[in-house]
Amino acid sequence: MSYKVGYLIGSLSSTSINRVLSKALIRLAPDDLEFTEIPIGGLPLYTPDVDEDYPAEGLALKRAIEASDAILFVTPEYNRSIPGGLKNAIDWASRPKGTNSFDHIPAAVIGASAGVLGTALAQQSLRSVLSFCNARQMTSPEAYIHFTKEVFLDDGSVANSSTEEFLRTYMAEFREHIERVLTVLPREK
Ligand code: FNR
């Protein structure tokens, strides 16, 4: 069985270290996970005023999430929480009321920062949001990545064997989590 994983990168930066991390995660993931980025940068700011006539950008985001078997969030920490652009995307996907695209979806969160806390507070914040959205989160292992350019190379290779093994295990565990959730809660597409 192969699984489609949609991934959201919380950063809109052209030099995002979280994008580099996402490349490493894809390289180290089990072969039967297929990855598609779900872009968030082109979304307008969400307002309930549009709920009656949802714009194409919001619908495209919802359809991309709904077409995925699971969602991986790779996010930086902004001011001890998640970037506004990522929260905006989650708000879009969760609405209109009664059509929450995250309902029961298997999900995992991970992030990289230049500092040693490794986005721990952003991930706590994101977990709280995803709990309300009823996503089925992988709770263990957690992964708080202290990014250095010596270890995380631009092409997605990881120049430290214990970090590489840790990330490989993280992705293998995510695959197991996806399978467990979908066994109980198959996705209707
Ligand atoms: C940051 N950064 C940051 N780092 C951190 O560890 N905790 C924090 O709360 C914040 N807050 C924060 C706010 C804003 C507005 C910016 C622009 C940056 C630093 C951040 O970790 C660093 O810029 C990373 O490179 C961001 O990840 P990307 O965008 O490179 O993936």
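**Notebook: fold, core and ligand shell**

I began with overall size: for 189 residues a compact globule would have a radius of gyration near 16 Å, and the protein chain, with 16 Å, agrees with that. I note at the outset that the model is predicted. Along the principal axes, I found that the C-alpha atoms of the protein chain fill a box of roughly 50 × 35 × 25 Å.

**Secondary structure**

I then listed the elements and obtained 5 helices and 6 strands for the protein chain. Read from the N terminus, their order is β-α-β-α-β-α-β-α-β-β-α.

**Burial and contacts**

I looked up the buried fraction, which is 37% of the 189 residues of the protein chain. I also examined the contacts in the protein chain with a separation of 6 or more: residues 24 or more positions apart account for 82% of them.

**Nonpolar core**

Which residues have the most contacts inside the largest nonpolar core? I found Leu8, Leu21, Ile71, Phe73, Ala89 and Ala107, in a core of 46 residues. Two or more residues of this core come from each of S1, helix H1 (17–28), H2, S3, H3, strand S4 (106–113), helix H4 (120–132) and helix H5 (161–184). H5 gives the largest share, 6 residues.

I took Phe73 for a closer look. Setting aside neighbours within four places in sequence, I recorded contacts of Phe73 with Leu8, Gly10, Ala107, Val109 and Leu126. Of these partners, Leu8 and Ala107 also appear among the core residues with the most contacts.

**Helix H2**

I next asked which residues of helix H2 (residues 56–66) are buried. They are Gly58, Leu61, Lys62 and Ile65. These residues lie on the same side of H2, because they cover an arc of only 95 degrees around the axis. The spacing fits a general rule: an α-helix has 3.6 residues a turn, so residues three or four places apart point the same way. On the other side of H2, I found Ala56 and Leu59 exposed.

Against what do the buried residues of H2 pack? I identified strand S1 (3–9), strand S3 (70–74) and helix H3 (84–94) as their partners. S1, S3 and H3 are also listed, together with H2, among the elements that give two or more residues to the largest nonpolar core.

**Ligand shell**

Finally, I inspected the surroundings of the ligand. There are 14 residues around the ligand, and those that come nearest are Ser11, Ser16, Asn18, Pro76 and Ser113. I sorted the residues of the shell by character and obtained 5 nonpolar, 7 polar and 2 charged.

Methods
Residues numbered from 1 in each chain as written. Predicted model: local features only at pLDDT ≥ 70, side-chain atom pairs only at ≥ 80, totals over all residues. Buried ≥ 20, exposed ≤ 12 C-beta atoms within 10 Å, placed from the backbone. Helix = DSSP H or I, 4+ residues; strand = E, 2+ residues; numbered from the N terminus. Arc of directions from axis to C-beta. Contact = placed C-beta atoms within 7 Å. Rg over C-alpha atoms; globule rule 2.2 N^0.38 Å. Near = placed C-beta within 6 Å. Nonpolar A, V, L, I, M, F, W, Y, C, P; charged D, E, K, R; others polar. Core = buried A, V, L, I, M, F, W, Y, C linked by C-beta atoms within 7 Å.
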